[in-house]
Amino acid sequence: MTENRYGHNNQKKIALINDFTGFGKCSITVALPVISALKVQCCPVPTSIFSNHTAYPEYYFEDYTDRMQEYIDNWKKLDLRFEGIATGFLGSDRQIEIVKRFIEDFKEKDTKVVVDPVMGDYGVKYRTYTDKMCEQMKELVALSDIVTPNLTECCILTDTDYREDMDYKSIRQMAAKIASMGPEKVVITGIMRANFINNYVFEKGREPKIIRSKKLGESRSGTGDIFSSIIAADAVNQEDFEVSVRKAVKFIKRCIEISNKRNIPPEDGVCFEDVLKYL
């Protein structure tokens, strides 16, 4: 790279590759303020533009795939360097390939790559995800340092049959298999046990931990994006992984509590703005 004359790299930065949704509190809309609150600059790469996310009856959508590489190439001209790279929902095989190339171009020795492999939920793969894309996601996970799948995505990544009541021996085996692909750290989110939501924390060389939180009503839009954003910013800030997961779980619980009190519809996400100060 050429010498950077303008001081662009004098602040910690995360490149965030995800869609932009104007209403419905998810993806870039929630990740940017959360990462900023943790004192890291968030630099978004939009993969698509939504007026509101797809849980609503109608929405405007614009695919940004054809513009992504030119957008990224201008960052190269500025000689931007990133302490973190974080990925969210990717809508096509071309987008996954662009992200893989982005990591190859921008990842340096100390850059933390956090992949949220958004592929499905409740045992069902998203309609947009083809078998080819699932295989490409495995290749993307291999380039990561940290990966944050839910139980469904964990099963897809490890070619395991999904069961909601999967025992922890099987979950540990899946976490170890994902770690063997490349990442040092894995957290499997959203494991339902009675009235609790559990998170399985796996780090190479350490005993796994289970971090649980009481379930508070229905699932809400954007909580996964908030979770992975805290994990990514904390990784850049060199926070302990287990501490980071506990922080994310506690923060999301606070977000849900205040959203429930205000009777916010689940598709509208969570009132994270009220509790950003706790980060």
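Me: Which residues of α7 meet which residues in α8?
Reply: In this predicted model, Thr223, Ile226, Phe227, Ile230, Ile231 and Asp234 of α7 meet Phe241, Ser244, Val245, Lys247, Ala248, Val249, Phe251 and Ile252 of α8, where contact means heavy atoms within 4.5 Å and helices are DSSP runs (H or I, at least four residues), numbered from the N terminus. Residues are numbered from 1 along each chain as its sequence is written, and side-chain values use heavy atoms, leaving out hydrogens and water. Local features need pLDDT of at least 70, side-chain atom pairs count only at pLDDT 80 or more, and totals for chains, interfaces and linings use all residues.

Me: And what is that contact of α7 with α8 like by class?
Reply: The contact of α7 with α8 has 10 nonpolar, two polar and two charged residues, with Ala, Val, Leu, Ile, Met, Phe, Trp, Tyr, Cys and Pro counted as nonpolar, Asp, Glu, Lys and Arg as charged, and the others, Gly among them, as polar.

Me: At what angle do α7 and α8 pack?
Reply: Helix α7 (residues 223–236) packs with helix α8 (residues 241–261) at about 145 degrees, their axes being 9 Å apart; the axes are lines fitted to C-alpha atoms over the stretch in contact, and angles run from 0 to 180 degrees between N-to-C directions.

Me: Switching helices, how do α5 and α6 pack?
Reply: Helix α5 (residues 151–158) and helix α6 (residues 168–181) have axes 10 Å apart and an angle of about 60 degrees. From α5, Leu151, Cys154, Cys155, Leu157 and Thr158 make the contact, and from α6, Ile171, Met174, Lys177, Ile178 and Met181.

Me: How many of those are nonpolar?
Reply: Eight are nonpolar in the contact of α5 with α6, alongside one polar and one charged residue.

Note on methods. Helices (H or I, at least four residues) and strands (E, at least two) are DSSP runs, numbered from the N terminus.
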